[in-house]
Amino acid sequence: MNRENILNGQVALITGSSRGIGLAVARRLGQMGARISLCARKAADLENAAADLRAAGIQVLAAPADVTRADQVSGLVSETQRTLGPVDILVNNAGIGIFGPFHHQTDEDWNSVLETNLKSAFLTSRAVAPEMIRRKSGHIINISSLAGKSTFANAALYCASKWGLLGLTGCMAEELREHGIRVSAICPGSVATEFSPHAGKDPSRMLQPEDVAHAVAALVTQAPGSFISEIQIRPTQKP
Ligand SMILES: NC(=O)c1ccc[n+]([C@@H]2O[C@H](COP(=O)([O-])OP(=O)(O)OC[C@H]3O[C@@H](n4cnc5c(N)ncnc54)[C@H](OP(=O)(O)O)[C@@H]3O)[C@@H](O)[C@H]2O)c1
């Protein structure tokens with residue numbers, strides 16, 4: 001593996017990193033020299049992902065956690081700090097989609113989508129912010145979506161969560177910038193993962209998880225005097 005080592009000594013916590021975009025981000029930051037804290041709910045999937053990264057020489061903590069639960073988030077952050085060190089980079093990536101006419105959705109659907117895609121970023125960011133403020137540095141990167149910039153039929157809960165995440169991102173960025181902490185959002189279009197069927201789209205022409213990882217790498221290697229607050233990503237050719 002070609003290690004870049006530009007993040008040597010830094011700790012990156014990536015939520016929803018047992019597969020898809022989160023795993024690609026973890027691999028990329030690990031290749032750049034960061035120590036990686038992986039998290040997802042299913043322990044077996046997480047262990048497989050961790051083994052994959054360790055085989056590439058990356059130092060990994062695999063900590064199963066449900067990021068909608070405040071107690072599990074605080075346990076995850078404490079275990080990361082104890083095992084790897086204070087969190088320098090937090091990537092709020094865990095997300096789910098439930099699609100269909102809004103008037104067919106249940107209270108449980110609303111809670112699942114809003115808690116996984118939006119509340120979780122509040123919980124994790126709240127847990128890492130005090131230590132970042134104390135150290136006067138850090139990156140928080142929230143994976144929103146182009147669905148956070150537009151509206152379309154059968155995506156009310158998902159769009160609401162991703163629009164909300166952009167609002168949360170902007171407010172956190174304003175509060176934390178004076179402490180040297182940069183908060184940014186990435187808004188990808190459709191990415192070829194297990195997230196949803198993406199019916200009618202050619203996966204080879206869709207965005208790949210590595211495209212999002214590339215954007216994360218760009219954000220964490222900015223010069224300290226500025227920050228890119230939002231990145232939108234589209235495939236070069238329409239899938
Ligand atoms: N794929 C796309 O087209 C696309 C486009 C734009 C934005 N995004 C966003 O990108 C992010 C990642 O999507 P993806 O395509 O990589 O999805 P994915 O392949 O379905 O992976 C989702 C990851 O999140 C974890 N997860 C889900 N709920 C969780 C919870 N409550 N606590 C902890 N981990 C949880 C999953 O593991 P467990 O199930 O084991 O918990 C899995 O590791 C999401 O926020 C999504 O909205 C995706």
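**Reading the sheet and the ligand shell**

Q: Where should I start, say with how strand 4 joins strand 5?

A: Happy to help! Strand 4 (residues 89–92) and strand 5 run parallel and are joined by four bridges. Helices (H or I, at least four residues) and strands (E, at least two) are DSSP runs, numbered from the N terminus, and two strands pair if DSSP finds at least two bridges between them. One facing pair here is Ile89 and His139 of strand 5. The chain gets from strand 4 to strand 5 through helix 4, in a right-handed β-α-β crossover. Right-handed means that, with the strands pointing away from the viewer, the path from the first strand over the helix to the second runs clockwise.

Q: Before we go on, what kind of model is this?

A: It is a predicted model, where local features need pLDDT of at least 70 and side-chain atom pairs count only at pLDDT 80 or more, while totals for chains, interfaces and linings use all residues. Residues are numbered from 1 along each chain as its sequence is written.

Q: Is strand 5 mostly covered or uncovered?

A: A residue is buried if 20 or more other C-beta atoms, placed from the backbone, lie within 10 Å of its own, exposed if 12 or fewer, and partly exposed in between. In strand 5 (residues 138–143), six of six residues are buried. Gly138, Ile140 and Asn142 point one way, while His139, Ile141 and Ile143 point the other.

Q: What lies beyond strand 5, in strand 6?

A: Six bridges tie strand 5 to strand 6 (residues 181–188), again in parallel. Ile141 has Ser184 as its bridge partner. Strand 5, helix 5 (residues 156–176) and strand 6 form a right-handed β-α-β unit.

Q: How many strands form the sheet, and in which order?

A: In general, strands pair through backbone hydrogen bonds, either parallel or antiparallel. Here seven strands form an open sheet in the order 3-2-1-4-5-6-7, with parallel pairing. Strand 3 (60–62) and strand 7 (230–233) each have a single partner strand, so one side of each lacks a neighbour in the sheet.

Q: Which residues are closest to the ligand?

A: A residue is near a molecule if its C-beta atom, placed from the backbone, lies within 6 Å of it. The ligand is surrounded by 30 residues, the closest being Gly16, Gly20, Arg41, Gly95 and Phe195. Helix 1 (20–31) and helix 4 (107–135) each supply at least two residues of this shell; helix 1 gives the most, with three.
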